[in-house]
Amino acid sequence: MEKWGSGIYLLGQYHRYQTGLWLLKHEDEGAIIEMPPYFENEVVPYKLCKRISQDYNVKIKYFLCSHAHGDHFCQKTYNEAKKNFPQAKIYLQNGFKKRIKNKARTKFFDEEQHLYLANEPIILVHAPKHSWTDTMIVFRGTIFTGDWELNTVRSVHDGKKYAVPMETRLKSIEKMELFEKRYNYNIHRVFSVHANDRRENVDFRALMADTKNDRKLW
């Protein structure tokens, strides 16, 4: 378990694309980010979560997911989380509905969802850019941006039929650009869920403004 910030821990990385499994913790309550697939030689995600829950006396209250792509959301991992954490609720953006067979104990939201670990807020914001289900996860001044391509309006999916349209991307960027003002909230850390982009002391509004640029990065 690797500490990335106050109450923020990277528990492990999974499968081909090394998707992160994250714990958000406040007092004795916790939330898990991502439900990735896993190889046979990897620790099963629910078993790792169970061990951390027991070792650190943390009640897992929520399971969350940044978007519905297959390296972040796996039906098997989802089913195992539900079975082994019957007290936990799963919150997902509406676009996940078509990916899920058994929707019991799963709450779906459209634009935003506010949750709490004890009295500490978690804010989920639907902001499609990389995918139609992109969900920004905000906690303790940190934002998890999923697989968002930062510093450019472009997407790695450009040219594909399922790419999010440019107009929608710009609306999402503008929505996040105004987030701090709307909530009187300071975001100063930006993490990708793959743990391959870690930014500290960020001017988030300036980062969002820069992400509107049509810049070739790959």
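**View 1. Contacts of Phe 63 in the predicted model.** Phe 63 is in contact with Ile 32, Met 35, Ala 81 and Phe 85. The list continues with Ala 88, Lys 89, Ile 90 and Tyr 91. Neighbours within four places in sequence are left aside here.

**View 2. The largest nonpolar core, with 27 residues.** Phe 63 is among the residues with the most contacts inside this core. The others are Leu 11, Ile 32, Met 35, Phe 73 and Leu 92. Strands S2 (8-14), S3 (19-26), S5 (59-64) and S6 (89-93) each give two or more residues to the core. Helices H1 (45-55) and H2 (75-84) do so too. The largest share, four residues, comes from H1. A second, separate core has 20 residues. Ala 31, Tyr 62, Leu 64 and Ile 137 are included in that second core.

**View 3. The buried and exposed sides of helix H1.** Pro 45, Tyr 46, Leu 48, Cys 49, Ile 52 and Ser 53 are buried in H1. These residues lie on the same side of H1, because they cover an arc of only 160° around the axis. An α-helix has 3.6 residues a turn, so residues three or four places apart point the same way. Gln 54 and Asp 55 are exposed, on the face of H1 turned away from its buried side. The cover over the buried residues of H1 includes S2, S3, strand S4 (29-33), S5 and H2. Just after H1 comes Asn 57, with a positive phi of about 55°.

**View 4. Phe 73 and two ring partners.** The structure holds 11 aromatic pairs. In one of them, the ring centres of Phe 73 and Tyr 78 are 5.5 Å apart; the planes meet at 55°, so this pair is tilted. Both Phe 73 and Tyr 78 are buried. Phe 73 also pairs with Phe 96, again with centres 5.5 Å apart; here the planes are at 80°, so the pair is edge-to-face. Phe 73 lies in the loop between S5 and H2, while Phe 96 lies in the loop between S6 and strand S7 (106-109). The pair therefore ties together parts that are 23 residues apart in sequence. Phe 96 is buried, as is Phe 73.

**View 5. A ring cluster with Trp 4.** Trp 4, Trp 22, Phe 144 and Phe 191 are linked into a cluster by ring pairs. Over the ring of Trp 4 sits the charged end of Arg 198, 4.2 Å from the ring's centre.

**View 6. Lys 50 over Phe 85.** Lys 50 lies over the face of Phe 85. The distance to the ring centre is 4.5 Å. Phe 85 is also one of the contacts of Phe 63.

Methods
Residues are numbered from 1 along each chain as its sequence is written. This is a predicted model: local features need pLDDT of at least 70, side-chain atom pairs count only at pLDDT 80 or more; totals for chains, interfaces and linings use all residues. Side-chain values use heavy atoms; hydrogens and water are left out. A nonpolar core is a set of buried Ala, Val, Leu, Ile, Met, Phe, Trp, Tyr and Cys residues joined through side-chain atoms within 4.5 Å. Buried means under 20% relative accessible area, exposed over 50%, partly exposed in between (1.4 Å probe, protein chains only). Contact means heavy atoms within 4.5 Å. The arc is that of the directions from the helix axis to the C-beta atoms. Rings of Phe, Tyr and Trp (its six-membered ring) pair if their centres lie within 6.5 Å; planes under 30 degrees apart count as stacked, over 60 as edge-to-face and the rest as tilted. A charge sits over a ring if NZ of Lys or CZ of Arg is within 6 Å of the ring centre and within 35 degrees of the ring normal.
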